[in-house]
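Colleague: Please pick one part of this model and take me through it slowly, in words that a first-year student can follow. I would like a single connected account that begins with one residue and then moves outward to its surroundings.

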Amino acid sequence: MSFFEIIYVGSQQEASTIIVNKLEEELKSGLSSLGLATGSTMIPIYNGIAESNLDFSQVTAFNLDEYIGLASTNKNSFAFFMNERLFSKKLFKETHIQNGIAEDKQLECERYEKKLDRHPIDIQFLGVGENGHIAFNEPGTSFDSLTHVASLTDSTIEVNSQYFDDHEHMPTQAYTMGIGSIMKAKKIILLAFGEKKRAAIDALLGNNITEQWPITVLKKHPHVTLITNIK
C-alpha cells in the first residue's frame with residue numbers, strides 16, 4: 001500500500017520545523033542514510049536543522065547533483081553550498097557529492113551509483129523545477145535512469161544563472177542522481193513553494209504519469225510526503 005501525504009504550510013520556516021520534528025523521529029528509529037538537495041528552497045530547512053539538536057554523527061549523506069566543471073571550492077558549486085549551509089554546522093558520519101571536476105565522467109557516475117547502492121537512502125529530500133524536473137532530470141529523462149550527466153535546458157539555466165555573478169559561466173551540464181536512483185529511496189520528502197511551482201504540483205496531483213513531467217514519477221513511489229504552500 002502506498003503512502004502519499006500533503007502538508008500545507010504558511011511559510012518555509014514552518015516547513016523547517018516540521019522537517020526537524022520528522023528527522024528527530026526518524027533518528028530514533030535508526031535513520032542511517034539521507035539524500036539531500038540544494039537550492040533556495042532548502043536554505044530555511046538547513047538553517048532550522050543547523051539550529052536544532054539533531055545528531056547526524058551516524059548518518060551518511062548523499063547529494064542529488066553537482067555542476068560539471070566546478071571544483072568543490074567554487075562558491076557556486078553545490079559542494080560549497082552544502083558545506084556552508086549544513087556540513088560545517090552538523091557532523092555527519094560521511095558526506096558524498098559528485099566530483100564536478102572528475103576526469104572520467106562515466107566512471108564518476110558509476111562510482112556514485114555504487115555508493116548509493118551500498119548505502120540505501122532512508123529519506124530523500126527533493127525540490128522541483130518549474131518544468132517539473134527533479135534533481136537535474138529534465139523533461140524526457142527516462143524513469144529508469146541512474147546517476148548520469150545531464151544537459152540543462154535553457155529554462156533551468158536561466159533560473160539558476162541568477163546565482164552566478166557572471167551568467168556566461170553558468171554550467172550547461174551537471175551530474176545528477178537519475179530518476180531510478182531517486183526512486184530507490186525508502187521515503188521521499190518533496191518541498192515546493194510559490195506560484196512558479198504550481199504547474200509542476202498540478203502535474204503531480206493530476207492523473208497522468210509522463211516523462212515530460214518527471215515529478216509525476218513520484219506517484220509510483222510507496223512513501224511520499226509533499227510539503228507546500230500551493231493550494
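**A close look at E113 and its surroundings**

Modeller: E113 lies in helix α4, and I should say at once that the model in which we see this residue is a predicted one. The relative accessibility of E113 is 7%, and because the limit for calling a residue buried is under 20%, E113 counts as buried. If we leave aside residues up to four places away in sequence, E113 touches L146, T147, S181 and K184. To place E113 against another part of the chain, we can take I230, which is 117 residues away in sequence and 33 Å away in space, C-alpha to C-alpha.

Which side chain meets that of E113 in a salt bridge? The partner is K184, with a distance of 3.0 Å from N to O. This pair links distant parts of the chain, since E113 sits in helix α4 whereas K184 sits in the loop between α6 (179-183) and β9, 71 residues apart. The two partners also differ in their exposure: E113 is buried at 7%, while K184, with a relative accessible area of 44%, is partly exposed. The bridge does not stand alone, for E113, D117 and K184 are linked in a network of salt bridges, and over the whole structure the count of salt bridges comes to eight.

Helix α4 holds another salt bridge, in which R111 pairs with E108, the closest N and O atoms being 2.5 Å apart. Why are these two residues separated by about one helical turn? They are three residues apart in helix α4, so the spacing along the helix is about one turn. Here too the exposure of the partners can be set side by side: R111 is partly exposed at 32% relative accessibility, whereas E108 is buried, its relative accessible area being 6%.

The same helix also takes part in an aromatic pair. A search of the whole structure finds eight such pairs, and one of them joins F62 and Y112, whose ring centres are 5.9 Å apart and whose planes stand at 85 degrees, so that the pair is edge-to-face. The reasoning is short: an angle over 60 degrees counts as edge-to-face, and 85 degrees is the angle found for F62 and Y112. This pair links distant parts of the chain, with F62 in strand β3 (residues 60-63) and Y112 in helix α4 (residues 105-118), 50 residues apart. Both F62 and Y112 are buried. Elsewhere, ring pairs link Y67, F78, F136 and F164 into a cluster.

We can now turn to strand β9, which we met when placing the loop that holds K184. In this strand, K187 forms a salt bridge with E26, at 2.7 Å from N to O. The two are 161 residues apart, E26 being in helix α1 (residues 12-28) and K187 in strand β9 (residues 187-192), and the pair therefore links distant parts of the chain. K187 counts as partly exposed, with 26% relative accessibility. L190, which is found in strand β9 as well, is buried, with a relative accessible area of 0%. Not counting residues up to four places away in sequence, L190 touches several residues, including L126, G127, V128, I201 and L204. L190 and Q13 are 15 Å apart in space, C-alpha to C-alpha, although 177 residues separate them in sequence.

One residue of the backbone deserves a careful look as well. A135 has a positive phi of about 55 degrees although it is not a glycine. It is found in the loop between β6 (123-126) and β7 (148-151), and with a relative accessible area of 11% A135 is buried.

Finally, we can step back to the open space in the model. The largest pocket has a volume of about 970 Å³, and its lining is made by 40 residues, of which T38, G39, S40, N160 and Y163 lie nearest its centre. The elements that give two or more residues to this lining are β4 (65-67), α3 (78-87) and α5 (154-160). Sorted by class, the lining of the largest pocket has 15 nonpolar, 16 polar and nine charged residues.

Technical notes:
Residues are numbered from 1 along each chain as its sequence is written. This is a predicted model: local features need pLDDT of at least 70, side-chain atom pairs count only at pLDDT 80 or more; totals for chains, interfaces and linings use all residues. Side-chain values use heavy atoms; hydrogens and water are left out. Rings of Phe, Tyr and Trp (its six-membered ring) pair if their centres lie within 6.5 Å; planes under 30 degrees apart count as stacked, over 60 as edge-to-face and the rest as tilted. Helices (H or I, at least four residues) and strands (E, at least two) are DSSP runs, numbered from the N terminus. Buried means under 20% relative accessible area, exposed over 50%, partly exposed in between (1.4 Å probe, protein chains only). A salt bridge is a side-chain nitrogen of Lys or Arg within 4 Å of a carboxyl oxygen of Asp or Glu. On a 1 Å grid over the protein atoms alone, a cavity is a set of points where a 1.4 Å probe fits but cannot get out, and a pocket is an open set with protein on both sides within 12 Å along at least five of seven lines; lining residues have an atom within 4 Å of a point. Grid points are joined across faces, edges and corners, and a volume is the space filled by probe spheres set on the points. Ala, Val, Leu, Ile, Met, Phe, Trp, Tyr, Cys and Pro count as nonpolar, Asp, Glu, Lys and Arg as charged, and the others, Gly among them, as polar. Contact means heavy atoms within 4.5 Å.
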